[in-house]
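Reader: Please take me slowly through the packing inside the structure shown here, with particular attention to one helix and to what surrounds it. I am in my first year, so please explain each term when you use it.

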Amino acid sequence: MAGHRIAFDEVGRLYGQHGPALVLYARSFLWDMGVAEDVVHGVFLKLLRGQVAMPDAPVAYLYRAVRNTALNARRDESRKASFNERDCCFESASGNREAALALESALRDLPCEQREVLIMRVWSQMTLEEVATATGVPLDTAASRYRYGLAKLRERLKPFHKE
Amino acid sequence: MDDRDGRFEEFLRDFHPRAPKPLPPVFGPRRPWMWLAAAAVLILICGAIADRLLEERPLRNGPPGLTARPAPPAENPAREASLGRLSQVAMEDPSGLDAALGKASRDLLPRFDRRNSTLSVLAKE
């Protein structure tokens with residue numbers, strides 16, 4: 001994988017497109033929304049400062065880097081930290097705050113590999129092929145993880161989603 | 001993936017993750033050679049300005065053809081008696097050199113003609 005420095009504009013574009021989903025991803029490992037934002041900022045700042053070479057698959061790199069940094073940050077997080085409802089990282093288009101909180105909670109309870117596939121697919125708008133490349137698994141595996149994750153979320157969000 | 005999944009996906013997309021704060025400003029990737037080049041240019045500019053000022057100063061203040069600077073007002077004896085200052089006097093006004101040397105020695109050397117001067121006390125002993 002040949003690394004190269006990435007242009008400022010490209011980093012800005014990646015931040016605009018994937019920043020919110022990456023914060024959501026970081027938040028799924030952490031309690032504190034501010035810490036999750038700091039984690040994502042740290043990863044992007046390293047790119048902007050040229051401290052790391054950008055691999056050929058930038059989005060895959062971003063998810064990996066955010067995950068590793070978030071796991072490191074989790075060790076430092078206070079044991080007393082707990083989920084703060086005011087910090088809900090979703091905004092609902094319909095203004096349904098209760099559903100937003102339920103979604104965040106359900107997402108947090110998913111196994112990590114299902115959660116990351118869902119976040120990449122739904123909120124980073126990646127195709128399943130891109131998700132498979134980013135997570136380093138075969139396409140079938142990524143697809144089945146997605147289906148399982150989606151089914152679990154649907155079950156948890158039944159009260160809010162009438163089919 | 002069936003229609004049901006598709007509809008649920010759309011439902012999920014109605015929830016937008018909150019946009020994070022903008023990234024803090026960063027002044028470009030680190031390129032040490034750029035800082036070194038900037039420092040070198042700055043030193044060259046400062047050197048050129050200093051050189052120019054030193055060249056202009058005698059022409060501005062001194063008589064034509066004379067490169068020496070005018071004597072600053074004497075502020076302390078050491079400055080007045082410095083080698084450079086005496087050399088300057090010798091170049092500008094050789095006839096005044098004796099007077100300048102005499103003044104410098106009076107200001108700098110210990111007085112022996114005062115009642116309690118060190119030399120006077122030592123002479124008594």
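Author: Of the 163 residues of chain A, 36% count as buried, a residue being buried if 20 or more other C-beta atoms, placed from the backbone, lie within 10 Å of its own, exposed if 12 or fewer do, and partly exposed in between. This is a predicted model, in which local features need pLDDT of at least 70 and side-chain atom pairs count only at pLDDT 80 or more, while totals for chains, interfaces and linings use all residues. Residues are numbered from 1 along each chain as its sequence is written, and chains are lettered from A and ligands numbered from 1 in the order in which they are written.

Chain A has seven helices and one strand, these being DSSP runs numbered from the N terminus (H or I over at least four residues for a helix, E over at least two for a strand). The helix to look at is α2(A), whose 16 residues reach 23 Å from first C-alpha to last, close to the 22 Å expected at 1.5 Å a residue, where the expected span is 1.5 Å times one less than the number of residues. Its buried residues are A36(A), E37(A), V39(A), V40(A), H41(A), V43(A), F44(A) and L47(A), and what covers them includes α1 and α3 of chain A. After α2(A) comes G50(A), with a positive phi near 75°.

V40(A) also belongs to the largest nonpolar core, which has 46 residues, and is among those that touch the most other members, together with L22(A), Y25(A), A26(A), V66(A) and I119(A); such a core is a set of buried Ala, Val, Leu, Ile, Met, Phe, Trp, Tyr and Cys residues joined through C-beta atoms within 7 Å. The elements giving it two or more residues include α2 (33–48) of chain A and α1 (3–13) of chain B. Because domain 1 (1–79) and domain 2 (96–163) of chain A both contribute residues, the core lies between them, the bounds coming from an automatic or database domain assignment. Beyond its neighbours within four places in sequence, I119(A) is in contact with A21(A), L24(A), Y25(A) and S124(A), contact meaning C-beta atoms, placed from the backbone, within 7 Å.

Finally, α2 is one of the elements of chain A that give two or more residues to the side touching chain B. That contact takes 29 residues from chain A and 19 residues from chain B.

Definitions and conventions: Two residues are in contact if their C-beta atoms, placed from the backbone, lie within 7 Å.
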